[in-house]
Amino acid sequence: MLKSPSLPGSAPRMMVPSLKLPDLIQEIRGAKTQAQEREVIQKECAYIRASFRDGDPLQRHRQLAKLLYVHMLGYPAHFGQMECLKLIASPRFTDKRVGYLGAMLLLDERHDAHLLITNSIKNDLSQGSQPVRGLALCTLSTMGSAEMCRNLATEVERLLLQESSSYVLKKAILTAVHMIRKDPELASIFLPPCSKLLHECHHGILLGTITLIMELCERSPVALRHFRKVVPQLVQILRTLVTTGCSTEHSISGVSDPFLQVKILHLLRILGRNHEESSETMNDLLAQVATNTDTSRNAGNAVLFETVLTIMDIHSAAGLRVLAVNILGRFLLNNDKNIRYVALTSLLRLVQSDHSAVQRHRPTVVECLQDTDASLSRRALELSLTLVNSSNVRTMTQELQTFLETCPIDLRADCASGILLAAERFAPTKRWHIDTILHVLTTAGAHVQDDAVANLTQLIGGAQELHAYSVRRLYTALAKDISQQPFVQVAAWCIGEYGDLLLEGSCEETEPPQVEEEEVLALLEKVLQSHMSLPATRGYAITALMKLSTRFQDNNRIRQVVSIYGSCVDVELQQRAVEYSTLFRKYDHMRAAILEKMPLVERGGPQVDEEAKESKEVPQLLEATVPDTAEPQATKLLDLLDLLDGMSRDSQHPVSLDSTPGNALVHPLDLPCATPPPASIPNLKVFEREGVQLNLSFTRPPGAPALLLVTVTTTNSSGGDVTHFICQAAVPKSFQLQLQAPSGDTVPAQGDLPITQIFRILNPNKAPLRLKLRLTYNHFGQEVQEIFEVNNLPVETWQ
């Protein structure tokens with residue numbers, strides 16, 4: 001028998017059949033090495049390609065299913081894109097199911113191939129069965145581009161108005177949410193369907209409808225005004241859920257459908273914001289939810305927390321706001337650390353608007369300082385610092401000092417800085433203030449900011465009646481420990497200035513220690529010789545010895561010690577020693593006059609009203625005014641190239657400078673911030689995007705030609721609010737910059753009240769001014785960050 005010849009051009013039949021999907025999964029999982037896995041996948045992909053070329057319609061969906069599994073493992077599968085289109089166009093449900101799944105995984109809006117399935121989706125939405133319509137909606141909501149959404153929006157709207165199946169309705173609602181996010185101009189199409197869907201009793205449909213309404217309200221002012229009319233209907237739905245519940249199958253831990261309750265509360269918060277009538281409609285319901293919700297389970301806590309957020313965001317009654325703060329106070333007693341963290345974060349947001357209500361929970365907040373969780377203790381520390389005022393400063397400072405002694409290393413710097421700032425603002429007496437700073441320096445001296453030394457020396461110098469007390473306290477503490485460098489610097493300075501008071505024995509203490517000249521000199525020599533002493537600390541010590549040469553009798557010992565350091569390796573210390581030795585040798589007749597006690601330095605700026613202090617948050621210091629002994633790292637904060645790239649940790653809040661009196665020596669930036677007279681410097685628009693505009697106006701206060709006040713005005717003409725707005729700035733190192741706190745962090749839509757912020761720039765060298773700005777904010781649900789440089793400032797700003 002003769003064999004039939006093979007036809008020319010026909011493909012040879014594969015001898016080994018390809019694997020089925022379960023077998024392929026098993027073989028891939030059984031591979032012992034990465035090379036074996038790649039070999040199996042490459043071999044099977046070759047079979048899949050060959051099958052696609054053969055065009056067998058019965059095998060196409062099976063081969064594509066295997067290819068999708070290979071794609072999920074991270075291997076290339078782009079050659080299956082066109083097969084997805086063929087399967088979607090097939091009338092068979094098994095083909096459509098795999099085809100739509102492949103479209104969701106392999107196609108995206110970055111390639112034009114996804115537009116080829118638009119007609120198939122349109123046909124399936126209008127003529128397909130329920131499962132097919134569901135597949136089409138899922139695909140559209142997953143990878144539909146803005147163009148696809150515009151083409152198919154009317155089909156989705158028709159389903160929302162006419163579809164009776166809850167299965168399809170839920171998917172159509174979520175597809176509408178996706179369409180609005182892709183193209184906000186489609187919002188007007190979905191307003192009528194939403195009003196109809198709010199009458200549905202199905203929980204899934206209601207949940208999706210609330211989500212759709214929230215999306216509409218956040219992106220369209222027209223929709224926001226439209227849905228404020230349905231606030232009574234939403235209140236009734238939520239009241240029904242709270243009292244009777246719509247369905248027992250949706251009850252979780254005794255709470256009727258907490259997911260739907262949270263969504264409705266969130267929507268009420270959006271509708272009631274800046275609208276008094278809507279807020280009044282929902283006040284009674286919010287009180288009912290806050291008092292009747294079970295807090296024994298996490299579901300109830302979630303509803304309560306959303307209720308608190310809603311109460312705080314609308315025009316609620318004062319009693320209702322107190323109730324919300326008390327709920328957060330109960331959260332602080334919860335055993336769940338996540339709930340306590342949420343409570344601390346929320347109270348930190350509310351402390352400015354409801355300070356007295358938050359103050360009632362101060363003991364519980366202080367207890368959270370000792371929590372072993374680092375994030376909890378950090379939040380508790382931030383909240384505790386904002387709760388300090390003139391009436392509780394002694395108690396709170398004592399608690400914070402106790403925490404400082406045992407707190408983790410990463411919190412010690414923040415805690416020390418917070419205590420020093422609180423003491424600066426609310427100190428009842430100078431002696432208490434000095435004792436507090438000394439305690440901080442001896443406990444966490446290595447972690448305090450550089451300006452702490454200057455502040456304490458200025459404070460001690462200005463308290464003439466406390467000179468003897470201060471120098472004895474410092475001398476006694478220095479004799480015990482010389483490891484804390486900032487404290488040693490203060491002690492050396494104070495001993496140099498008032499060391500003669502150590503020998504007099506007159507002090508407020510009942511039994512002042514008996515001190516001899518040799519002991520004082522030996523202690524300063526010990527500081528000079530210690531390997532723990534920094535170069536700056538040795539500079540303080542040798543200057544203190546030189547000062548004591550006019551107050552003590554033993555000048556020969558001081559002269560010998562100073563001469564030894566004339567050959568020191570440290571250039572700064574060597575220069576000081578050589579100059580001091582020259583003073584002994586050539587200008588001894590002038591030494592007493594040159595080394596007199598430092599005169600009192602008055603602190604700049606007017607006294608701030610105490611009641612105004614208590615209502616403000618403890619400000620954060622930015623080292624814009626750098627002392628002479630500051631490290632180079634402080635100067636970097638004003639580097640035009642480095643500042644904005646290194647502030648990620650503090651980007652959640654605007655950086656501000658403490659302008660309260662007494663933080664540093666007199667400085668041009670500490671001039672009173674009075675309203676300056678109008679100047680002839682032209683305004684400048686520096687930024688505009690999607691309706692958000694930034695304008696700069698410039699003025700010069702009289703009497704300070706080197707100081708420029710820049711008023712930054714941010715306006716918003718778009719249809720959505722700009723929230724969490726932060727404006728940060730940097731200048732070259734030859735300038736000094738002070739950022740004052742902005743008037744707010746939300747710019748209302750439609751050109752409502754703008755945000756203003758003042759930059760105070762000191763330009764002593766009359767150099768050309770350059771600004772680098774970083775803006776971060778949320779707009780239309782998206783986080784925006786812009787960094788740009790302003791080089792076209794008017795010449796009048798720096799000449």
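Let me begin with one residue: E155 counts as buried, at 13% relative accessibility, where buried means under 20% relative accessible area, exposed over 50%, and partly exposed in between, using a 1.4 Å probe and protein chains only. A word on the source: this is a predicted model, where local features need pLDDT of at least 70 and side-chain atom pairs count only at pLDDT 80 or more, while totals for chains, interfaces and linings use all residues. Residues are numbered from 1 along each chain as its sequence is written, and side-chain values use heavy atoms, with hydrogens and water left out.

Back to E155. What does its side chain meet in a salt bridge? The partner is R158, at 3.2 Å from N to O. By salt bridge I mean a side-chain nitrogen of Lys or Arg within 4 Å of a carboxyl oxygen of Asp or Glu. R158 is partly exposed, at 26% relative accessibility. Both sit in helix α8 (residues 146–162), and because they are three residues apart, about one helical turn separates them. Helices here are DSSP runs of H or I with at least four residues, strands are runs of E with at least two, and both are numbered from the N terminus.

Helix α21 (residues 374–386) also holds a pair three residues apart, R379 and E382. Their closest N and O atoms are 2.8 Å apart in a salt bridge.

Now a pair that links distant parts of the chain. E789 and R770 meet in a salt bridge of 3.1 Å, N to O. E789 lies in strand β10 (residues 782–790) and R770 in the loop between β8 and β9, 19 residues apart. E789 is partly exposed at 35%, and so is R770 at 34%.

There is a network too, linking R269, R273, E306 and D313 by salt bridges. How many salt bridges does a search of the whole structure find? It finds 27.

Next, the sheet. Five strands form an open, antiparallel sheet in the order β3-β4-β5-β8-β7, where two strands pair if DSSP finds at least two bridges between them. Why is one side of β3 and of β7 left without a neighbour in the sheet? Both stand at the edges with a single partner strand each, so that side stays unpaired. Further in, eight bridges join β5 (residues 707–716) to β8 (residues 755–762), and L708 stands opposite I761 in β8.

That's my tour, thanks for listening!
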